[in-house]
Amino acid sequence: MQETQSHPKVLIIGGGYGGLKAALGLQRKLKTQADITLISKHDYHYQTTLLHKVAIGTLSSRKARIFYRKILDPNKIRFIKDKIIELCPEENKVIGNGGVYEYDYLIIALGFRPDHLGVKGVGKNTYRLSSLNAALKLMKNIENKFKEYTHTKNVQDLSVIVCGTGFTGIEFTAELATQLDELCLICGIDRSLPKITCIGRSEHILPVFNDKLATAAESKLKKLGVRIVSNATIEEVRDDRVIARYKGQDEPLEILGNTIIWSAGVKGSEIIEQSILPNKKGRIPVNAQLQCEAYPNIYVVGDSAQARDKDIIHAPTAQLSAQMGDYIAELFVAKLANKPFTRPFVFHHKGTVCSIGHTDGVGMVFGRGVKGELAAFIKNTIENKWLYSIGGFDIVFKKGQFRYRTSN
């Protein structure tokens, strides 16, 4: 008797923007038989672009979580909750805490982690907006420090320092600044006491934008009472202060505060960095079809991929990851049906918007600068469009971002 041929095994590790989009694309479009598995260390997806809201409490953790089993069809995609701890490309398998998973094809979408950039004290003394749990931990810290101020009388507990003036740092800074009035009212604190300082190496905040937009964002933050320290290199982070130095100056600058957020850089997964896969800081070089050339049955999306195209080096991470996921799904629909697929991945930059609180922002959309409520509206639309792409109108109504709707 002839043995029945088993279906090809496609393993997707990581359920962020890229991994989830790849899985959902295969769920919708694949007509041939395949054994497809998505593994994630959490049983829910969350929008990393909204973690600053979770960290301030303007977006609840309940609303932030999107459970995989609610959007994945178990008849088409198997979901496993497990943490991957080792990649074994020579043996076509990965190892997790819960077992060994073999594959014919592997799609790596393991996301990012903070890059400490060699600065002393970052790992021990800072909070990072790297996951939903990290954001909740930061929210609890801020809440406790403000609520306990009536007992501690330690004014440094009301001082928040943000290291990094890219999107994550600025969106967190703005969200906190817009909520300080309410926080002080609730906790009975003099509004003049809390201080927020944002430190960056560039001449302007949000260096991916032109000077006009960056200056507009800076002006908005200053009106909210934020102190911005530009052209400064951070040399050390202690538990109660950041030591920095302005470019060209000998004297160090010390900024005091008991809550310090690090958002000055990211790198790829530690699992990738420790593997035999060719990588740079946990990012795998890929060809035009997002393929690891050293291991042709491995494809890479999102922060795990090191892109060669100059146009996407500074691309918005979530937007880039989602487009990579869509592309990989199309590629595998063809590959699993034994059809040719030669189109290279091309990133289509649709725009970037940085929120300055819930109803303000700045950004570039299709090459045009936008500011104010229009920017905030577009930002919310972008977030809602992502939700629609993974779960339709139902999930948008339940978890979407709307003009006057926050968890407050």
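## Sheets, cavities and cysteines

Strand β9 (residues 105-108) and β20 run parallel and are joined by three bridges. Within this pairing, Ile-108 has Val-300 of β20 as its bridge partner. The model described here is predicted.

The β9 and β20 strands belong to an open sheet of five strands. The order is β5-β2-β1-β9-β20, and the pairing is parallel. β5 (77-81) and β20 (298-300) are the edge strands, and each pairs on one side only. From one strand to the next, the twist averages 20 degrees.

A further open sheet has three strands, in the order β14-β15-β16. Here the pairing is antiparallel. Why is one side of β14 and of β16 left without a neighbour in the sheet? β14 (232-238) and β16 (253-256) stand at the edges with a single partner strand each, so each has one side without a neighbour in the sheet. Neighbouring strands of this sheet are turned against each other by 25 degrees on average, direction ignored.

Strand β15 (residues 241-246) runs antiparallel to β16, and four bridges join the two. Ala-244 stands opposite Leu-253 in β16.

**Cavities**

How many cavities of 30 Å³ or more does the count give? The count comes to two. The table sets out their volumes and the classes of their lining residues.

| Cavity | Volume | Lining by class |
|---|---|---|
| Largest cavity | About 80 Å³ | nine nonpolar, two polar, two charged residues |
| Second largest cavity | About 50 Å³ | two nonpolar, six polar, three charged residues |

The largest cavity is lined by 13 residues. Gln-47, Leu-50, Leu-59, Lys-63 and Ala-64 lie nearest its centre. Three helices each supply at least two residues of this lining: α2 (51-56), α3 (61-64) and α12 (372-399).

The lining of the second largest cavity also draws on α2 and α12, with at least two residues from each. Which helix gives the most to this lining? α12 does, with four residues. The residues that line the second largest cavity include Leu-50, His-52 and Lys-53. Also among them are Ser-355, Gly-357 and His-358. Ala-376, Lys-379, Asn-380, Glu-383 and Gln-401 line the second largest cavity as well. Leu-50 thus appears in the linings of both cavities.

**Cysteines**

A disulfide is a covalent bond between the sulfur atoms of two cysteines. How many disulfides does the model hold? The count comes to zero.

Cys-187 is in no disulfide. The nearest cysteine sulfur is that of Cys-184, 7.5 Å away. The cut-off for a disulfide is a pair of sulfur atoms within 2.5 Å, so a sulfur 7.5 Å away does not count. Is Cys-187 buried or exposed? Cys-187 is buried, with a relative accessible area of 12%. Buried means under 20%, so the value of 12% places Cys-187 in that class.

Cys-354 is in no disulfide either. For Cys-354 the nearest cysteine sulfur belongs to Cys-198 and is 10 Å away. Cys-354 counts as buried, at 0% relative accessibility.

Definitions and conventions: Residues numbered from 1 in each chain as written. Predicted model: local features only at pLDDT ≥ 70, side-chain atom pairs only at ≥ 80, totals over all residues. Heavy atoms only, no water. Pairing = 2+ DSSP bridges. Axes fitted to C-alpha atoms, helices over the stretch in contact; angles between N-to-C directions. 1 Å grid on protein atoms, 1.4 Å probe; cavity = no way out; pocket = protein on both sides within 12 Å on 5 of 7 lines; lining within 4 Å. Points joined across faces, edges and corners; volume = space filled by probe spheres on them. Nonpolar A, V, L, I, M, F, W, Y, C, P; charged D, E, K, R; others polar. Buried < 20%, exposed > 50% of the residue type's maximum accessible area, 1.4 Å probe, protein only.
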